[in-house]
Structures are given as structure tokens and as C-alpha cells.
Amino acid sequence: MIAEKKISTETNQYKENISRRNRTEKIFNVILLISVLFGLLMLTVLIIDIAVEGYAWVRPELFENYHSRKPENAGMKSAIAGSIIVIFMTGLFSFPVGVGAAIYLEEYAPKNRLTDFINLNINNLAGVPSIVYGMLGLVVFGRMFGLFSIDSWFVKLFNIPIESGATGGWKFFLFDIPWLEIHLPFGRSMVAGALTMSLLILPVVIIASREAIRAVPPSIREGGYALGTTKWHVISTLVLPIAIPGILTGMILSLSRAIGETAPLIIMGAFTYVPFLPKTVWDQFTVIPIQIYNWITLPQTEYRVHLAGAGILVLLFILFLMNGIAIYLRKKFEIKW
Amino acid sequence: MLRNLSKTSIFSFYNPQRVRNIRERIIAIILFGCGIFSILVTIGIIVSLFSEAIGFFLRPEVNLFTFLTGTNWNPLASQISPENFGVRPLIRGTLMIAVISGSIALPLGLGSAIFLSEYASDRLRSILKPLLELLAGIPTVVYGYFALSFVTPLLKRVLEDQLGIHVSFFNAFSAAVVVGIMIIPNVASISEDAMRAVPRSLREGAYALGATKFEVSTKVVVPAALSGIVSAFIIGISRAIGETMAVTIAAGATPRMTLNPLDGVQTMTAFIVQVSFGDAPAGSINGQSIFAVGATLFMMTFVMNIISASILKRFREVYE
Amino acid sequence: MILTTNIQSYSINFHDDESIIRAKQLNIYYSGKLTVENFNLQVPKNKITALIGPSGCGKSSVIRSFNRMNDIIPGFSLEGEVIYKGKNIYSSREDPVRIRRQIGMVFQKPNPFPKSIYENVAFGARINKYQGNLDELVESSLIQAALWDEVKDKLKESAYALSGGQQQRLCIARAIAVSPDLLLMDEPASALDPVATLKIEELMWELKDKYTIVVVTHNMQQASRVSDYTAFMSLDREKIEDRIGVLVEFDETKKLFTNPKLKETEDYITGRFG
């Protein structure tokens, strides 16, 4: 009886405020929902805005013509070609190095300071602004530190035959094979652009590939080793085939990011007005986002509102397609352990 | 008579074991090279930025001290002298956009993260999270377009027509709004990961004391996940600082020491783009100035990323 | 006291004013699967009641149903009633938040908040808008939890600086600070070393005067040492593959351990199974 009395007086000391706290709870719920929906609302508004302004201008001319002074005749043929070629080469360059680094880090790297440093480094590179990669590309690939300009010490030392002019440099054939033409420096070519973009997406490719390789259960590797075979054999015949869908998904997603990038390519020297289709990888080029940017900056409404909108619709469609393929691949080859 | 050729084939003098070992070695070295390559990239960034930047500062027309402290950025002026190369207006433009976009993205990102981590059912989460990620996947030129075609007109309608406040066509605020929207998913996803890492037992302890979900989320989970959330904030701001196309399109090309977000400004990144569109030859002062600005930009984001990573690492050590 | 006997279970009853909480024909489901069936129990006031049984028979599920902690587990559903202070806590008019303040819970693994010792104890009081002196409340709770002397000089330090046993006593102090009538303890000492375990058991004895305690334990010796009444749960023998938990026997601890009424109980106590 005494115990009960004590309890009831203490209960009175708690104001509890249950109804007020429940009200706070409900209000908070609403605020949170608004936070989430705000971004989605903006996304919807954005898409509607672009669709409304650009839809009518997605016509065959958009794909068949080059940019022209007359909006009715303007199109982005060269940009589309440039984008396709650059992205293709970007994939070509970044895939081996990226997957190789991922395999090294997941399967070979010992737990020491160097590995920690490499990890830290990759994470840092993922956070570097894309424009910096453009500047890297300009100096290292585009100009090659000026090593191949007419008055460089390098050229004088080795007596290299340099062509002068804007697209100058040392042009030669690798191993004298006619279609393996090399230009040094890479200048404002698609090769330089692709290399720049490869470096940009490299950290993401590495991270995504690592996750795919990590997802392969250790028991698979152990089974391979137990049968008495070498490390590379286990990796190449057992681990990689299982990891490949994840790696490819990561690759496609990285490339879809690359296709929307503008700044690095502008810095490294892509052009905005390219009235021809590139014939070789050493040619000048432009890409879809640069063409869109160009149109946005022109004063006429037909360019900056409608054509730009149409170009964006095409770009978004390509992105949608690529992401869709990536997700489809992931779902299709997903193995549930 | 057919002899057993396998024993006398031309490879019989190879020790297959040794061949395999050599091959393994070579492969391991190649893969190691791929791993080291990333360090090469960082070295490449530092060398290319700073070698050109040093070249810039070695010029007699330019002075490192006035660069860092001067408030006048006028590289196209006829008189090429250090007073025209003070980088602070560019930094101010960058920071103004970063701060405003941060003020939008941080609360909305954190709110989304709390909702997704503590309130949403698994099914709702699996729908909302990818949709939120979509925001991050939209190319930045598209955001620039959105700023000009939707945000700025809206801003003008509300502020100029209704309240009589002047809004420049190119202004920092519109750019900051779209950059803010752009970085919401970054802030949200890292914050959410941090909150989900908080063990369930902590939430249960709070519920058992008679706490509402609001109290559990705000008084237990968020404080416990705080360093992860702070790390997310810093990464978001770092991204806003490095953002290029949206600000180039929407904020303008006029460097200005202003605190008014309705004015046009030029960010560091927009300046670099502006010069790249021109025809500045490689060794010219303008051609080199972009590296000085780029090096400054790189150092700002680099420091922020390092700080953010070390905070995140400390957080992970507690909970994983 | 009335004796209820049937061949499958044995249970003593109390008058309504003698028991603090009562489970009535409780069926517990997780994602549609029945895991505890027809659980009936009256918990006597100001006594320590132990809940023992082999693992997986639903002991934790049962006590978590007493303070509606199971509500936060998706897929949980319940039939029957839990009567506390005359009301069914599962009726739609009752607010789980209020109930949880009145019924405290201590968990198997100590779970102090990443805050200072002081803030841990004060947490429940703060959210429930305690009207009195917070410093005094913290001190009195820590004294009752037999932790005050060890921490009185370092109240502002992080709770994580304490040892496992100390953290668990901190969690008890935290639970006491909101003046519950009933303390539920889910294997409070199983994660602790023997010395710390003994301290917790002594603490339970001291707390008995003010609070009613229900303790789930795997450790039969602990149950026989510490509790006044013991409830033994096990898996339903008839449908053993379905893994449904049922109450087998509930009696005074001394009687249950020296003279169990059911063979199943005897088998468990003597270690023949479980």
C-alpha cells in the first residue's frame, strides 16, 4: 500500500504532455514529407518545363543538320557524332585501368599504408570538381606540357619534325602502319577529350567495380583454390564472370554521367561550332551538352528556349536509355546468394 | 607406331610451374600498376595546375599577395597590372552560391534523410530513394537551363513585380537555387547512411522510456549520427563550390564584390569557362590565369574533402 | 489463491489488487506466424517474477508485449489483452508512448546513449517534462541503481567510458528515473561477467521494494536465486515443428524448483533438455 502511494505522487511530477508531443509528431511528419517531395516536385517541374518548350523542336532537322545561323535549320548532328565517339573511347580507356585497379585493390593489395593511401586517394579524386579534370586534360593531353611545340627543348634535342599551326605537332604513324596515325600532342581532338573523361570517371568506375567484386562470396574463391589453381586463374574464371554484370552496370552508369559533362571538355578544347562530321579521332569535335550550352547563350528565343530544350530532351532520353539498360542488366544478372 | 607425342612435344622443356609463376607475377605487376595509376592522376592534377599557376605568378604583371587579397578582378583591362588580378570577387561569387545553395540543400537533404531512414516503410523507401537519385543524375547544363527558363522569371515575378525589388537577369540566387536542388541527393544519401548505421538498440532504449518517434529521431538518432551528417554537409558544399555549368549559365560573367544575391556574379569556375571559350593562347596571361584560379579552387575543395573524409572515418570507427 | 490445473499447464492466480499487469489469452504473431499461444499470466506486485525457458520459446516476445515495444517491429500482431492498471493497453484508446513511460525496460546488451552519464539518466525525465529538480532525480536514480558512488565525480563524462556492468546499471538508473511501476528486464546480465552479474542480482533485490520486476533469464540458477515467482515457458509439445511458445508452469520459485508440478518443468530444471 505504501509503495502504491509513492508511485502515484511521482507520476504527478511528469507533465508528460502526450497530446502536445503527438501533435509535434504529426507536424514533423508533414515537414519531413515536404522535404522529400520538394526535390521531386522540382524534378517534375523541370521535366515539364523542358518538354513543353522543346518538344516541338525535336524534329529530323535536329539530327540531320549542323548548327546554323537560322534556327529553323539548326541541328546537332556533329555534337551527336562527337558524343558517341568520345563516350565510346572513354569506355575503352577507363575500363581496363579501372577494373584492373579494382581487382588489385580487392584481391591483391596487402593491408598496409600504401593501400590505405591509394584508397584515400581514390576517394579524394571522386570529389575533385570536373572542371579541374578539364584543366588536367588540357595540360597533360592537349598540350603535353608544351613538349611538342616548335621551340621546346625536347623537340630541339631529338630533332622532331613538327608541323606548325593550330593543329600542329608531331604526326607520325605508329610502327609505320598507315591507319595507326598518332598526333602529339593530342591537341583539341577526341582522343584528348576521351582521355580527360576517362580520368574523370575513373574513381567511380573503380569504386563500382570494387563493390561488384566484393559481392562475390569468399566461398567461391576458396573452392577454386582448393582445387589447386593459381590466383589469377581463380579471379579470371570464377570471380570476374560473377562480378561482370555489376562491373558493367557501374561502367554504363559512369558513362552516362560522362555524356552529360560539359565543363571538362570545354576547358580541354572542344569547340562549340563544328559544321562537319569528324573523320578521324584526331579531328576537332563538339558534344551534345556543349551544343546545348551554346544554344542557351544565344539571344534568340528559338535557340535559347526551344532548340536548347529539344537538345536537352535528346540528352535526357539518351541518359534514360543508358540508365535503363544498366538497371536491366543489374536485375537480369543479379544472383541471390 | 604412334608415339605418345605429349611427352616429346616442343614444350616439354618448359617447366609449366615456372611459366605459370612468371605469368602470375606479370599479371600482379600490371594490376599493381593500375592501382598506382590513381596516384599518378592526383600527381598529374597537382603538377598541371601548379606548374601553370607558378608560371602565372612568376610574371611581373602579377603578384601573389594582391591575387589573394585584391578585390578587383579585371583581367581584360587594358592595363595589365596586379591590381586587376585580385581573385576575391571570384571567391565571393563562389562562396555566395555555395552558402545559399547549402542553406537550401542541407535542411531539405537532412529532412529527406530522416524521413527515409526513420519514417518510411521499406517499400516507400525503395521508390523514393531512386527518384531522389535522379536529381543527382541530371546534367548541370539542364539545371542552368532550368534556372534561366523557370527560376529567374519566377523570381522576377515575385520580387520585381510584386515587391519592387530589382532582380538582375543573371543573378547568384537563381543559380544557387538550382545548385541547391542538385546537391540535395548527395546530402540526403550520406546522412541517411549515417543514420541507418546507428544501432537499433539505441532507438529501442529511447522508445522504452516513452519517447515519440520525433523525439527518438531528433534527440537520439541525429545526435548519434551527427559526424556522418556533418560530413555529408561538407561534401555537399564542396560540390557546390566546384559546380560549373549551372552557375556559368545563370549567375553571369561579372565579377563583383557584392553581398546581394540578386546581383550577377562570376564564380571561379565560370571565369575559367569564359576564358576557355576565348582564344587566349597557351602562354598568355589570361591563358595562365585560369590555372591560378583553378589551383585556388582545387585547394578549397581538396581541404574540404579531406576534412569531411576524416570526420566520416571517425564516425565509422564508432559504429562499425 | 486459486489453483488452476490442467494436464498441460499449471498456474497460480492472484486477486486483481495483488497483480500489477496481466496477460490474458495472448497470441503473438510475427508476419502472420503464430509464435506464442494462449499466454495467461498475472504478475504480482512488488515481487520479482522470473520468466525462464529454452531459447526461442517466446520469452522476450512476451515481455516486449507488456510495454508495447513489439509495436515497432514490422509484421507484429497480437490477439488477447494485456491489462495494466485496469485497462487493456492494446485498446485503441491507449497511447503506447504513455504506457512506455510507466513500464520500464532494460535490455540484454547495455544500450546507453552516446551522451554523458548525466544526460543518459536525465533523458527520459526531460522528454516527459519532469517538473522537479533534475539534479536530485539523477542522483537518486543513480543511488538506487547502486552506481552513484562510482560515477558521482564524472557525471559529465561519456557513458561509453563505463564498463559493461556499469553501463547496465546506468540503463537501470535511466529506466528508474521516469518512475515506472513495473520494470521489465530482458536477460539483463547475460552480456556481463560473473562479478557484474552478481551486482545486478543484488540490485534487483534492492529494487523490489519500490518496483515490480519481471526478468527474463536463460540462467536457471539466477532465476532460483533472485526471483519470488517463476514462470516456465516452452515450445508446445503437440506441435513441436511449429515452434509455438506456451506457458507451462507458473508458481512460487521455491515450489517450482523443488517440486515442479509438470514433468516438462522438471526435465528443464534438471537439465534434461533445453
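Reader: Where do the two domains of chain B start and end?
Author: This is a predicted model, so keep that in mind throughout. Chain B splits into two domains, with domain 1 covering 13-58. Domain 2 of chain B takes up 89-319.

Reader: How many Å separate the centres of domain 1 and domain 2 of chain B?
Author: Take the C-alpha atoms of domain 1 of chain B and of domain 2 of chain B, and find the centre of each. The separation between those centres comes to 34 Å.

Reader: And which residue classes make up the side of domain 1 of chain B that touches domain 2?
Author: Domain 1 of chain B puts eight residues into that contact, while domain 2 of chain B puts in seven. On the domain 1 side, one residue is charged and one is polar. The other class there is nonpolar, with six residues.

Reader: Moving on to chain A and chain B, which helix of chain B gives the largest share of the side that touches chain A?
Author: The contact draws 65 residues from chain A and 65 residues from chain B. Of the chain B side, 19 residues come from one helix spanning residues 16-57, and that is the largest share. The helix you want is α1 of chain B.

Reader: How many nonpolar residues does that side of chain B have?
Author: Sort the side of chain B that touches chain A by class, and four residues are charged. Another 20 are polar. The nonpolar count is 41.

Reader: Now chain C: what radius of gyration does it have, and how does that sit with the globule rule?
Author: Chain C holds 10 helices and 12 strands. For its 274 residues the globule rule gives 19 Å, and chain C comes close to that, so it is as compact as a globular protein of that length. Its C-alpha atoms fill a box of roughly 55 × 45 × 35 Å along the principal axes. The radius of gyration of chain C is 19 Å.

Reader: What percentage of the residues of chain C count as buried?
Author: A residue is called buried here if 20 or more other C-beta atoms lie within 10 Å of its own. Applied to the 274 residues of chain C, that gives 48%.

Reader: Which way do α3 and α6 of chain C cross, left-handed or right-handed?
Author: Helix α3 (residues 117-127) and helix α6 (residues 164-176) of chain C have axes that come within 7 Å and cross at roughly 35°. The crossing of α3(C) past α6(C) is right-handed.

Reader: Which residues of α6(C) make the contact with α3(C)?
Author: From α3(C), the contact uses C:Ile117, C:Asn120, C:Val121, C:Phe123 and C:Gly124. By class, the residues of this contact are five nonpolar, two polar and one charged. On the α6(C) side, they are C:Leu170, C:Ala173 and C:Arg174.

How values were computed. Residues are numbered from 1 along each chain as its sequence is written. Chains are lettered from A and ligands numbered from 1 in the order in which they are written. This is a predicted model: local features need pLDDT of at least 70, side-chain atom pairs count only at pLDDT 80 or more; totals for chains, interfaces and linings use all residues. Domain bounds come from an automatic or database domain assignment. Two residues are in contact if their C-beta atoms, placed from the backbone, lie within 7 Å. Ala, Val, Leu, Ile, Met, Phe, Trp, Tyr, Cys and Pro count as nonpolar, Asp, Glu, Lys and Arg as charged, and the others, Gly among them, as polar. Helices (H or I, at least four residues) and strands (E, at least two) are DSSP runs, numbered from the N terminus. The radius of gyration is taken over C-alpha atoms; the globule rule is 2.2 Å times the number of residues to the power 0.38. A residue is buried if 20 or more other C-beta atoms lie within 10 Å of its own, exposed if 12 or fewer, and partly exposed in between; C-beta atoms are placed from the backbone. Axes are lines fitted to C-alpha atoms, for helices over the stretch in contact, and angles run from 0 to 180 degrees between N-to-C directions. A crossing is left-handed if the near helix is turned anticlockwise from the far one by less than a right angle, and right-handed if clockwise.
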